[in-house]
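Visitor: I would like a close look at the way the helices of this protein pack against one another. Please take me through that part slowly, with the residues named as you go.

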Amino acid sequence: MTHSNKFSIRLTREDCGRFGKTFFLLNVGLLLYAVTLNFFCTPNNFVFGGATGLSIVLASVFPGISVGAFMWAANLGMLLLGFLFLGKRVMGWTLYSSVMLSAFCSLFETLWPVTEPITDDPFLELCFAIFLPAAASGLIFNIGASTGGTEIIAMILHKYFGFEIGRALLISDLGIVLWAACLFGPKTGLYCILGVAAKCTVVDTAIESLNLRKVCTIISQKPDEVREFILHTLNRTATEEVVTGSYTREPKTAIMVALTSRQALQLRDFLRRTDPGAFLTIVNSSEIIGKGFRAI
């Protein structure tokens, strides 16, 4: 077998592993979304916009039809619009996400139907209705996918009319929330407005937490040992440059490396044992793109 053939097989395995990880995380996010909708959003009439919020409102207007059925209709309708106006290439994982989210919702409605709030504390249930789907959205957006719904409408408005996607989403979500407030009363409406605002913040925080990395800069009297530890124990590479101390005017080697939080702790412990006088700075980075981290 030639070297090129070996490389092709290894690359294919890497692609399969990446696909499997994406597929797993996407389904975890969709399941979290469906659990939240079935156990917390629908019984309390919590509406935060999107296809799920629209389905809850429509199910209240037409009680003979379930939320899951409306989700099928809403998602399939928006998917059709997406394929017509955005094309196959743009849709990507959105097709799978939209269909499976509707399927998971219908499954939970069949297996564990919930018609009333599971507790007598609406604020407690609101917290779960915010944080669970926010964590799910963080997982889904972080792998470059989406759940479809009104996001497709926002993308169409952005492409053809120049609307900012965030503004288009906000308009559609607020419209659905105001409709819910008219149907379910001001108390539920205020909860929904609070939920929309909090969800946006929590989603951003969740995505940032998933991508959080540590950028470490080390100035050590033993750069060779530090370099060996980074390369062979942490399995990372680093960038080196020669710097000069302002007071001593002596040249030293500065090593910069991007690590996970766990690896940064390992590096700190190593320096504590090996070179207690080393200078170490650790800076949080919300995202690092490149080999060994996230692809461009």
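Guide: What follows goes from the whole chain to particular helix pairs, then to the aromatic side chains and the nonpolar cores.

Please keep in mind throughout that this is a predicted model. The protein chain has 11 helices and four strands, and of its 296 residues 38% are buried. If one takes the contacts between residues at least 6 apart in sequence, 74% of them join residues that are at least 24 apart.

A good place to begin is α3, whose packing can be followed against both α2 and α5. Two packed helices are described by the angle between their axes and by the distance between those axes. For α3 and α5, the axes come within 9 Å and cross at roughly 175°. An angle over 145 degrees counts as roughly antiparallel, and α3 is therefore roughly antiparallel to α5. On the α3 side the meeting residues are V67, G68, M71, W72, N75, L79 and F83, while α5 brings T94, L95, S98, V99, L101, S102, A103, C105, S106 and E109.

Two of the α5 residues deserve a separate look. S102, which has its place in helix α5, counts as buried because its relative accessibility is 0%. Once its neighbours within four places in sequence are left aside, S102 is in contact with M71, W72 and N75, and these three residues belong to the α3 side of the meeting just described. T94 also lies in helix α5 and, at 10% relative accessibility, is buried as well. The C-alpha atom of T94 is separated by 9.6 Å from that of G82, a residue 12 places away along the chain.

Turning to the other partner of α3, the axes of α2 and α3 come within 8 Å and cross at roughly 130°, which makes α2 oblique to α3. The crossing of this pair is right-handed. Here A51, T52, L54, S55, I56, L58 and A59 of α2 meet V67, F70, M71, A74, N75 and M78 of α3. Readers following the names will notice that V67, M71 and N75 appear in the contact with α2 and also in the contact with α5.

The aromatic side chains add another view of α5, this time in relation to α1. The count of aromatic pairs comes to seven. One of them is formed by F23 and Y96, a tilted pair with 5.5 Å from centre to centre and 45° between the planes. F23 sits in helix α1 and Y96 in helix α5, so that the pair links parts of the chain 73 residues apart. F23 is partly exposed, with a relative accessible area of 35%, and Y96, at 23%, is partly exposed too. A further pair, F39 with F108, is edge-to-face, with 6.5 Å between the centres and 70° between the planes. Because F39 lies in helix α1 and F108 in helix α5, this pair ties together parts that are 69 residues apart in sequence. F108 is buried, with a relative accessible area of 10%, and F39, F108 and W112 form one aromatic cluster.

The nonpolar cores bring these helices into a wider setting. In soluble globular proteins, nonpolar side chains tend to be buried together. The largest nonpolar core in this model holds 41 residues, of which L37, C41, F46, V47, F48 and L101 touch the most other members. The elements that give two or more residues to this core are α1, α2, α3, α5, α6, α7, α8 and α9, and α1 gives the most, with seven residues. For C41, with its neighbours within four places in sequence left aside, the contacts are T36, F46, F48, I56 and A129.

A second, separate core has 13 residues, among them I230, I255, L259 and A264. One more helix pair completes the tour: α10, residues 223-233, and α11, residues 261-274, pack at an angle of about 150° with their axes 11 Å apart, and they are therefore roughly antiparallel to each other. Their contact is made by E225, V226, F229 and I230 of α10 together with Q266, L267, F270, L271 and T274 of α11, and α10 passes α11 in a right-handed crossing. I230 thus takes part in this helix contact and is also listed in the second core.

Conventions. Residues are numbered from 1 along each chain as its sequence is written. This is a predicted model: local features need pLDDT of at least 70, side-chain atom pairs count only at pLDDT 80 or more; totals for chains, interfaces and linings use all residues. Side-chain values use heavy atoms; hydrogens and water are left out. A nonpolar core is a set of buried Ala, Val, Leu, Ile, Met, Phe, Trp, Tyr and Cys residues joined through side-chain atoms within 4.5 Å. Buried means under 20% relative accessible area, exposed over 50%, partly exposed in between (1.4 Å probe, protein chains only). Contact means heavy atoms within 4.5 Å. Rings of Phe, Tyr and Trp (its six-membered ring) pair if their centres lie within 6.5 Å; planes under 30 degrees apart count as stacked, over 60 as edge-to-face and the rest as tilted. Axes are lines fitted to C-alpha atoms, for helices over the stretch in contact, and angles run from 0 to 180 degrees between N-to-C directions. Angles under 35 degrees count as roughly parallel, over 145 as roughly antiparallel, 65 to 115 as roughly perpendicular and the rest as oblique. A crossing is left-handed if the near helix is turned anticlockwise from the far one by less than a right angle, and right-handed if clockwise.
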